[in-house]
Amino acid sequence: MSQIQWFPGHMAKTKRLIAENLKLCDIVVEILDARIPASSKNPMIDELLRDKPRLVLLNKSDIADRDINEQWMAHYKSAGVHAMLFCAVNSRGNKEVLNRIRLILKDKLERQRARGIVNRPVKIMVAGIPNVGKSAFINCISGRKAMKVENRPGVTRDKQWIRLSGGFELLDTPGILWPKFEDERVGRHLAFCGSIKDEITDMTGLAVELTDFLIKNYPDELSARYAIPAQELCGAEKYDAFAMIGKKRGFLLGGGDIDEERTAKMLLDEFRGAKIGKISLEKPGEVL
Ligand SMILES: Nc1nc2c(ncn2[C@@H]2O[C@H](COP(=O)(O)OP(=O)(O)O)[C@@H](O)[C@H]2O)c(=O)[nH]1
Ligand SMILES: [Mg+2]
């Protein structure tokens, strides 16, 4: 979970650092959360990367809605953006990513070869907002055979490169970017996914909003999880549906009131853990 507090000074420094690292890299892997590809995108990244080759990874695709994953893939394809679905946990699939990177850089690599440059490693940098799975991706793609590359001339001393198979090197520190936090809906979606600290959010309000979203978009999953008929959930006001769920779990206070806090925490935990189902919060083409 994000413990980072963003201040203008911090953002400026981050931008500067990423711009510096970009110069050393051939390609950026921009990691997004497949459940919230719009909200998990840094608002400045396009400006920051400009024409730097890029591969968008929709990570956590294992816990996102399969149909919506495909909609996003179609969306990126028609926009001419290189994108892949990914799962950085329980998978060792670095081959597919590296093959794709090689394909994206094909022309550049051929030009280098024509000029006699053959053994230059392809350098990769990872970037994304907190909690999208940057560290998980780095661990996953480097696998067990990963090794630290020694400092070399031309590389700032504190930069560490992880040597991957097939002539790739990965910068071991990802570019951590800030989300578009001034937008209320974006903030809510990030909070649903646990990418914003819970202590600073109204958990009950948040869980009631999540209940509302689930009733409207995934009524059958919600109904099955909490053993409440879908008609009952859909016919109720959002708070009442939330309360039904708490009551069903027996989360009551003395006097019979719903233990809102406990219900909220349970609902958010179960959503984040994909216990309710494979759920996406954002589809392509929606205005956020
Ligand atoms: N289900 C699932 N969880 C993931 C995936 N990638 C990362 N996570 C989880 O998401 C959380 C944040 O991951 P982390 O790599 O620390 O994100 P970072 O802040 O971008 O470095 C951790 O609890 C990971 O286990 C994924 O592909 N699928
Ligand atoms: Mg990390």
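**Exercise 1. State which confidence the model has over residues 150-156 and set it against the mean of the protein.**

Solution. Over residues 150-156, pLDDT (the predictor's confidence in each residue, from 0 to 100) stays under 50. For this stretch the model has seven contacts (heavy atoms within 4.5 Å) beyond four places in sequence. The mean pLDDT of the protein is 90, and 92% of its residues reach 70 or more.

The model is predicted: local features need pLDDT of at least 70 and side-chain atom pairs count only at 80 or more, while totals for chains, interfaces and linings use all residues. Residues are numbered from 1 along each chain as written, chains are lettered from A and ligands numbered from 1 in the order written, and side-chain values use heavy atoms, without hydrogens and water.

**Exercise 2. Classify the pair F86 and F137.**

Solution. Rings of Phe, Tyr and Trp (its six-membered ring) pair if their centres lie within 6.5 Å; planes under 30 degrees apart are stacked, over 60 edge-to-face, the rest tilted. The structure holds five such pairs. The centres of F86 and F137 are 5.5 Å apart with planes at 70°, so the pair is edge-to-face. F86 lies in the loop between β3 (83-85) and α4 (94-104) and F137 in helix α6 (residues 134-142), so the pair ties together parts 51 residues apart in sequence. Helices (H or I, at least four residues) and strands (E, at least two) are DSSP runs, numbered from the N terminus.

**Exercise 3. Determine whether F242 is buried or exposed.**

Solution. Buried means under 20% relative accessible area, exposed over 50%, partly exposed in between (1.4 Å probe, protein chains only). F242, at 0%, is buried.
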